[in-house]
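This report describes a protein model together with its bound ligands. Please consult the sequence and the structure shown below while reading.

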Amino acid sequence: MDLARLTDSLTRRIEDTVQEVGERLFDPVIRLGVTGLSRAGKTVFITSLVANLLDRGRMPQLRAAAEGRVLAAYLQPQPDHSVPRFAFEEHLAALLAPEPRWPESTRSISTLRLSLRLRPAGLISSLTGPKTVHLDITDYPGEWLLDLPLMAQSFEDWSVATLVAARTPGRAEHAAAWLAAVEATDPGAPLDEAAARALAAAFTGYLAASRRAGMSSVAPGRFLMPGDLEGSPALTFSPLPRPTPNPSGSLWRAFEKRYDAYRRVVVEPFFRNHFARLDRQVVLIDALGAIHDGPRAVEDLRGAMADILTAFRPGANSWLAPILGRRIDRILFAATKADYLHHSQHPQLAAITEALVADARARAQFRGAETRAMAIASLRATVEQTVTREGAAIDVVRGRALDGGEEIALYPGALPDDPAALLAPARQGAGLWQDAAYRVARFAPPRLHLAPGDGPPHIRLDRAAEFLIGDRLP
Ligand SMILES: Nc1nc2c(ncn2[C@@H]2O[C@H](COP(=O)(O)OP(=O)(O)OP(=O)(O)O)[C@@H](O)[C@H]2O)c(=O)[nH]1
Ligand SMILES: [Mg+2]
């Protein structure tokens with residue numbers, strides 16, 4: 001490298017640093033955690049939220065926007081030099097294409113910084129002039145969230161819990177091959193790498209089948225979504241019963257080491273780097289999807305969310321406590337995909353979502369954090385309609401089917417007013433809903449023609465944004 005270029009790149013680096021330091025010192029940053037299991041709707045939420053903050057025509061409930069105080073909104077080229085940028089433009093283009101497509105399952109982590117230039121409200125404005133606020137958002141595969149509870153579990157405890165869960169109805173049928181492989185293994189015998197790989201593969205097969213059946217608890221997260229760890233020995237382990245005796249060099253001890261390495265090398269950095277210092281959190285929950293999959297899926301979702309949210313409890317365990325939950329002062333529990341329901345049923349959906357996380361909230365005691373539950377759709381794919389069947393008026397939603405693209409009307413079933421009508425049988429281990437059937441047909445994204453100044457259509461995304469960041473916009 002010649003001297004001129006070297007100096008040039010040095011200067012640029014210094015400018016970068018100065019700019020970063022300047023931003024950090026003077027401009028407030030809101031770090032929004034978007035938390036949700038796989039397919040909960042994180043990527044669509046981030047894409048639509050950002051698009052609707054850039055073009056605010058559909059954000060009347062975001063006060064700063066309604067009052068015309070947002071002077072400019074723009075995306076930073078590369079917010080974090082160590083993490084890829086969230087592919088906002090690609091995701092939005094796919095949703096706005098003539099044949100619109102939902103995003104693929106997220107395979108790795110990415111991040112985005114949106115900057116808002118604001119005219120402060122009221123008296124301050126005449127004194128200070130415009131202010132800039134940055135909004136940092138990270139996207140990641142939902143599977144990885146399931147690793148959070150592992151941090152508080154030893155290999156032995158995790159093995160016992162996972163083996164017990166695998167024998168329960170709803171899971172046992174998917175676990176047969178893996179459990180047979182565990183039975184046939186002597187965990188006290190010396191490590192045999194080929195046998196280890198076969199066990200790990202059988203375990204992964206069980207996790208994949210459970211997920212296809214609508215189950216949420218399918219940790220460790222990297223087994224189903226390895227990211228850059230595809231084929232890595234760090235993923236070659238499986239729960240095993242502890243043998244006695246348990247000599248050093250046993251398969252069990254080897255798996256224990258790998259489990260601990262997985263937590264130390266994979267899980268801890270992910271949470272340390274990306275959940276640290278969050279200010280606000282939105283927890284996206286696909287409650288409708290679970291209801292559709294049946295009582296066992298609902299109970300499994302409840303359990304998974306409880307395990308995850310409990311890890312945010314201050315003091316829950318040694319290393320997470322200083323990292324998580326301390327500063328988060330607002331948490332929104334959002335039922336996603338509310339556009340599957342006529343709005344007359346949105347209150348029931350919000351109530352069910354609130355009840356789903358009630359235990360976790362009580363246990364986690366998000367000290368001082370203000371929480372709220374809402375039914376939202378990041379991207380509205382349907383329109384509402386009232387049809388008459390056999391003399392009775394029925395509220396349906398209409399949209400394009402994901403398979404085939406033809407117009408369909410959907411009546412997903414009536415959600416009960418009392419969430420316990422769903423959650424109690426789920427808790428008691430019911431296999432099917434007693435008096436109701438819930439249907440969900442997957443909708444394709446709508447074909448959109450956005451007017452200038454408008455973001456994509458949504459349901460209550462502006463209210464969600466107001467709750468999550470509104471008070472931080474000067
Ligand atoms: N109708 C409707 N469907 C939605 C909406 N948001 C998400 N979906 C559906 O949910 C699917 C998953 O959404 P994503 O945003 O990709 O979910 P994710 O949480 O990023 O999932 P992972 O990347 O696998 O962790 C989409 O493919 C859509 O089918 C919405 O607002 N309305
Ligand atoms: Mg995603």
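Is Thr43 buried or exposed? Thr43 counts as buried, because its relative accessibility is 7%, and the cut-off for a buried residue is under 20% relative accessible area. The model under discussion is a predicted one.

## Magnesium site

Two threonine side chains serve the magnesium ion (ligand 2): the OG1 atoms of Thr43 and Thr106 coordinate it at 2.0 Å. Thr43 belongs to helix H2 (residues 42-54), whereas Thr106 sits in the loop between helix H4 (88-96) and strand E3 (110-118), so the pair ties together parts that are 63 residues apart in sequence. Thr106 is buried as well, with a relative accessible area of 17%.

## Environment of ligand 1

Ligand 1 is surrounded by 22 residues, of which Lys42, Val44, Thr106, Gly142 and Arg442 come nearest. Thr106 thus appears at both ligands: its OG1 coordinates the magnesium ion, and one of its backbone N or O atoms lies 2.8 Å from an oxygen atom of ligand 1.

Further backbone contacts to oxygen atoms of ligand 1 come from Arg39, through a polar backbone atom at 2.9 Å, and from Ser378, through a backbone N or O atom at 3.0 Å. On its own, ligand 1 has 650 Å² of accessible area, and the protein covers 99% of this.

## Overall architecture

The protein contains 16 helices and 10 strands. Of its 474 residues, 51% are buried. Among contacts between residues at least 6 apart in sequence, 78% join residues at least 24 apart. The exposed surface of the protein amounts to about 21,500 Å², with 53% supplied by carbon and sulfur atoms.

## Nonpolar cores

In soluble globular proteins, nonpolar side chains tend to be buried together. The largest nonpolar core here has 86 residues, and Trp178, Leu349 and Leu415 touch the most other members. Helix H10 (residues 251-274) provides the largest share of this core, with 9 residues. A second core, separate from this one, has 39 residues, among them Ala40, Leu112, Leu332 and Ala465.

Residues up to four places away in sequence aside, Leu349 touches Ala287, Leu288, Ala335, Ala338, Leu341, Ala375 and Leu415. Thr353 is placed in helix H13 (residues 346-356) and counts as buried, at 0% relative accessibility. When neighbours within four places in sequence are left aside, the contacts of Thr353 are Ile285, Ala287, Ala334 and Ala335. Ala287 and Ala335 are therefore touched by Leu349 and also by Thr353, a buried residue.

## Backbone features

Most residues other than glycine have a negative phi, and most peptide bonds are trans. Two cis peptide bonds may be noted. The bond joining Ala219 and Pro220 is cis, with omega about 0°; Pro220 is found in the loop between helix H8 (193-212) and helix H9 (221-224). The bond from Thr244 to Pro245 is also cis, with omega near -5°, and Pro245 is placed in the loop between H9 and H10.

Positive phi values occur at Arg39, about 70°, and at Lys337, near 60°. Arg39 lies in the loop between strand E1 (29-36) and H2 and is partly exposed, with a relative accessible area of 43%. Lys337 is found in the loop between strand E6 (330-335) and H13; at 24% relative accessibility, Lys337 counts as partly exposed.

Note on methods: Residues are numbered from 1 along each chain as its sequence is written. Chains are lettered from A and ligands numbered from 1 in the order in which they are written. This is a predicted model: local features need pLDDT of at least 70, side-chain atom pairs count only at pLDDT 80 or more; totals for chains, interfaces and linings use all residues. Side-chain values use heavy atoms; hydrogens and water are left out. Donors are N, O and S atoms within 2.8 Å of the metal (3.2 Å for Na, K and Ca); water is not among the atoms, so sites may look incomplete. Helices (H or I, at least four residues) and strands (E, at least two) are DSSP runs, numbered from the N terminus. Buried means under 20% relative accessible area, exposed over 50%, partly exposed in between (1.4 Å probe, protein chains only). A nonpolar core is a set of buried Ala, Val, Leu, Ile, Met, Phe, Trp, Tyr and Cys residues joined through side-chain atoms within 4.5 Å. Contact means heavy atoms within 4.5 Å. A residue is near a molecule or strand if one of its heavy atoms lies within 4 Å of it. A polar contact is a pair of N or O atoms within 3.5 Å; within protein, one must be able to donate a hydrogen and the other to accept it, and residues adjacent in sequence count only if both atoms are side-chain atoms. Accessible areas come from the Shrake-Rupley method with a 1.4 Å probe; for residues, only the protein chains shown count as cover.
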